[in-house]
Amino acid sequence: MSKPRLVWEGHRQRLRQRMEREGWDALRPHEMVELVLNHAVPRQNLSDLARALVERFGSVGGVFAADRAALLAVEGMTETLAEWVCLTGELMRAYHDLQAETDLRLSCYQEVLAFLKPRLAGRTEAGLWALYADFDFNFITYTDFGAVSDCFDAPVARRLLAEAVGLGARYAYLVRLTGGAPALPEEGELARLQALAETLRAADVVLVDYVLAGRDAFLSLRAEGRLWEEAEGERTAALREEYLGES
């Protein structure tokens, strides 16, 4: 191995050791980019390219948010490195989104609506969403049921029950997109909602709220006092026959 190559390998090892010992914050922006680039093209001096990238895009985040064409416009960038930077950026954004959802709590309808707001932007059609939380109200996941014709028909109810139990959820929320101004359900729909809540309760899952969300307004049945609740110290729950069987 030539002397310049040995010098560069020593430099790369020192960067890695410093990162492992003190964390990424111990590195300067171009050094962070440099270490990432070296996973794509090892044993090459990419320090100058890393500096050029940070200078061109302003920050480490800017480098990994840049598109392929912009990256290739930087002198010294290759197709392989551009693909690596784009892939790394996608992974960083996916991890950030996952962490944000992992840290999310769903203890009231306001938090549910805040979570759904960016996902529902621009949607006008009716639909049904289910969100699940654990015993500490930590968000687990959600399901977009789409534009189901009947929010409480047996297939939807069975899927909701199976998902809640399979996920180990303690709490569930239902959000129905109305497409127009939300209004209180009629007595027949409320009775079916109560039946679903009782069935979930039999599986030790609490239906915390049923929220009707329109374009510019929403309605929480929990806040309206219209959602079934078990009496203090009493458990009222039943597995309804219509919810049993194949999905």
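Where does Glu163 lie? Glu163 is in helix 8, residues 154-167. I'll come back to that residue. One caution before I go on: this is a predicted model.

Let's take the sheet. There are 5 strands, and they form an open sheet. The order is 2-1-3-4-5, with mixed pairing. Strand 2, residues 139-146, and strand 5, residues 218-220, stand at the edges. Each has a single partner strand, so one side of each has no neighbour in the sheet. From one strand to the next, the twist averages 20 degrees.

Now strand 1, residues 127-133. On one side, strand 1 pairs with strand 2. The two run antiparallel, joined by 6 bridges. Within strand 2, Tyr142 is the residue opposite Leu131. Strand 1 also pairs with strand 3, again antiparallel, this time through 7 bridges. There, Ala130 has Leu174 of strand 3 as its bridge partner.

How many residues of strand 1 are buried? The count is 7 of 7, so to speak of strand 1 as mostly covered is fair. Look at the two faces. In a regular strand, side chains alternate between the two faces of the sheet. On one side of strand 1 we have Gly127, Trp129, Leu131 and Ala133. On the other we have Leu128, Ala130 and Tyr132. Both faces are covered, and every residue in those two sets is buried.

What packs on the sheet? Helix 7, residues 109-120, does. Helix 7 touches strand 1, strand 2, strand 3 (171-177), strand 4 (206-213) and strand 5. Its direction makes about 125 degrees with that of strand 1. Then there is helix 9, residues 187-202. Helix 9 lies across strand 3 and strand 4. With strand 4, the angle is about 150 degrees.

Next, the hairpin of strand 1 and strand 2. Between the strands there are 5 residues. Phe137 takes a positive phi in this hairpin, near 65 degrees. Move on to Phe139, which lies in strand 2. Is Phe139 buried or exposed? Its relative accessible area is 7%, so Phe139 is buried. Val112 is 27 residues away from Phe139 along the chain. Their C-alpha atoms are separated by 9.6 Å.

Back to Glu163, as promised. Its relative accessibility is 19%. The cut-off for buried is under 20%, so Glu163 counts as buried. What does Glu163 contact, leaving aside neighbours within four places in sequence? Tyr132, Thr143 and Phe145. Of these, Tyr132 is one of the buried residues of strand 1.

Last item: a helix pair. Helix 2 covers residues 29-40, and helix 3 covers residues 47-57. Their axes come within 8 Å and cross at roughly 125 degrees. That makes helix 2 oblique to helix 3. The crossing is right-handed. Which residues make the contact? From helix 2, they are Pro29, His30, Val33, Glu34 and Leu37. From helix 3, they are Ser47, Leu49, Ala50, Arg51, Leu53 and Val54. By class, this contact has 7 nonpolar, 2 polar and 2 charged residues.

Technical notes: Residues are numbered from 1 along each chain as its sequence is written. This is a predicted model: local features need pLDDT of at least 70, side-chain atom pairs count only at pLDDT 80 or more; totals for chains, interfaces and linings use all residues. Side-chain values use heavy atoms; hydrogens and water are left out. Axes are lines fitted to C-alpha atoms, for helices over the stretch in contact, and angles run from 0 to 180 degrees between N-to-C directions. Helices (H or I, at least four residues) and strands (E, at least two) are DSSP runs, numbered from the N terminus. Angles under 35 degrees count as roughly parallel, over 145 as roughly antiparallel, 65 to 115 as roughly perpendicular and the rest as oblique. A crossing is left-handed if the near helix is turned anticlockwise from the far one by less than a right angle, and right-handed if clockwise. Contact means heavy atoms within 4.5 Å. Ala, Val, Leu, Ile, Met, Phe, Trp, Tyr, Cys and Pro count as nonpolar, Asp, Glu, Lys and Arg as charged, and the others, Gly among them, as polar. Two strands pair if DSSP finds at least two bridges between them. Buried means under 20% relative accessible area, exposed over 50%, partly exposed in between (1.4 Å probe, protein chains only).
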